[in-house]
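Please open the structure in your viewer and keep the selection tool ready, since each stop of this tour begins with something to pick out.

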Amino acid sequence: MQVDQGSSATSTTSSPSSQSSPSSFSSSSSSPSKPEEAAQAAGGSAVETSSLGSATPPWGLDMIDQRSLPLDGLYHYNSLGSGVNIYMVDTGIRFTHTEFGHIDGSPGSRAVPGFSVFGDNNSSDCFGHGTHTAATAGGLTFGVAKNATLIAVRALNCMGQASYSDVITAMQWIADNVQYPAVVSASIAGNYSAAVNQAVTSLMNDFGITVVAAAGNSNEDACGWSPAGVPGVVAVGAVDSQMRRWYSSNWGNCTTMHAPGVDILSAGLASDTASAVMTGTSMSAPHAAGVAALYMQNNPGASPADVRAQLVASATPHLMQDDAALADSLNGSVTYEINISSTPNLLLYSMLNDQGVILPSVINITSSLAALTFSLSLSAAPGQDVQVSIQSPTAAWNPSQALALISPGSLLFEGVTWNTPQQVSVSPAAVSVGDFFLSLTYRSADNFYNGAFQTVRVNNNQTLTGETAASPRAISSLPFAVTDSISKFADNYTQPCPNVIAPGRAGPEVVYAYTPLTSTYVDISTCNSTFTAAIYVFTNPDVATAFSCTNSNITCSSSDAIGWSYGMTNLRLFGSITYYIVVEGPFEAVGDYMMSVSESAALQSA
């Protein structure tokens, strides 16, 4: 993706328009306008593949399955990405291309329409970039995960550009329509956008979707780019066939790793058998997205943190060399133009080895809240004993409330019992935050296991605690503070606060309940929320619209994310009465709200 100044992004194969547009994201691949980054179209038919490996694979596939040069001319793989959905946020896909057929020869295409931000119900490719990246992620010949489903989310136009709002709309559509297991492949980059970053963060944290993004093609710090700079994203830079960093690739500690991205052969747009060669971090990202799909085939319950940790732990260290132009220095040499020594020297590796075998890795909470079970065994005989601790997350509004009770909370695998499955019981708590992940952390003197991390996905379709006044989030004492996301909640209250959220723009709400023992005065604030968050307080849980709305514009600190917010000061609460405190955002609210409730500084006598 190439950088654009202003409020848009482009795909990361650069083009003349993406160099100059003041308001667009761009694709992160190159065009003939820059000879050193030339994107050349070349006709050709797909190469045959086999279940054991690709015959005459593109050099990028050839590289990711081995640890060192020279390349052996083969691509070996131990899974196909079957059952995994890769959401390609790009220019669309040519669905009829032969690359997207089924590996068993059955009719139909594994590339399917998803969504177009342009309101035309057309996610077909009109630029070529999306078809190329999709085939790299999951094509029969050119692809890493040869049986994954590729879902076209058309966020970029026919020039490879999109506004920030288009990218956010695409991310929100994925959140609303995701089918698990899922990974997002985003070969786009633009200047830093807090709104884009919040949308991507929500995909990962609120919806458990792994996001892989291009690092960008500007030879700048990737931390200043969106979405590459988002913590938790797998941000991928580019290397050439000699394991040399591509000189235009963004760098820095926000770059997770590097993958093949120079002169990458993949599917072209000209016909159903066309191929094309492109260069850029756009080409690197789908390599990593494909490897994520390989891992998720056998670990469908893997969280974004789990997937990222596996890719990082498996990556080949210390083999990437400085760029061919010797412009920048990975080791900090002062003779080079830029010191990029903070860049992780990691190369994508596709032959991942799971430490544990989790069955099942996705469990479902039922309406009865009955105890659930899964089993764990080790994937290989350990050199030393292995201890695995299992933990549940806690409720954001009550850190002492685990979302599930785990028994036992720790497992010990000794040398002779490493492949004997051990059972774990999971008893769901009465509170619900939607889906969540149990974390498994490995400790051992055996380095293969020590520090390893895996997850189990827990699907919870119960009514969210805080959805309405019938199931509020309890505030037990003051002072109280919470930081959480509102994105999973529905819009249940039809009367917005006057002069706070315009009619028709009211969005999701989350409901808290507080019952003071004695009468008191309180201050309620939503300072430092990432969107304009309004507050309502009412006392009748049976009449949702009959609440009092006593908002005031309160002063927040200069570090407040929005500079101002809404809340209440010196609000009188009477003892033994339950007050329902509703946090509401506008309908496009993305990100976290922060709410605090405390006794008024100038507490008055009740």
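Select Cys223 to begin: in this predicted model, this residue is partly exposed, with a relative accessible area of 28%. Now add Cys254, to which Cys223 is joined by a disulfide with an S to S distance of 2.0 Å. The two are 31 residues apart and link distant parts of the chain, Cys223 sitting in the loop between strand 12 (210–214) and strand 13 (225–226), and Cys254 in the loop between strand 14 (234–239) and strand 15 (257–260). Cys254 is buried, its relative accessible area being 17%. If you set up a torsion about the S-S bond of Cys223 and Cys254, the value is 100°, and the link is right-handed.

How many disulfides does the count come to? The count is two, and the next selection is therefore Cys126 with Cys158, whose sulfur atoms lie 1.9 Å apart in a disulfide. Cys126 belongs to the loop between strand 7 (111–116) and helix 3 (129–138), and Cys158 to the loop between strand 8 (149–154) and strand 9 (161–163), so this pair ties together parts that are 32 residues apart in sequence. Here the torsion about the S-S bond is about -100°, so the disulfide of Cys126 and Cys158 is left-handed. Both cysteines are partly exposed, Cys126 with a relative accessible area of 31% and Cys158 with 39%.

Finally, select residues 164–177, which make up helix 4, a run of 14 residues that reaches 20 Å from its first C-alpha to its last, close to the 20 Å expected at 1.5 Å a residue. Colour its buried residues, among them Tyr164, Ile168, Met171 and Trp173.

How values were computed:
Residues numbered from 1 in each chain as written. Predicted model: local features only at pLDDT ≥ 70, side-chain atom pairs only at ≥ 80, totals over all residues. Heavy atoms only, no water. Helix = DSSP H or I, 4+ residues; strand = E, 2+ residues; numbered from the N terminus. Expected span 1.5 Å × (residues − 1). Buried < 20%, exposed > 50% of the residue type's maximum accessible area, 1.4 Å probe, protein only. Disulfide = S-S within 2.5 Å.
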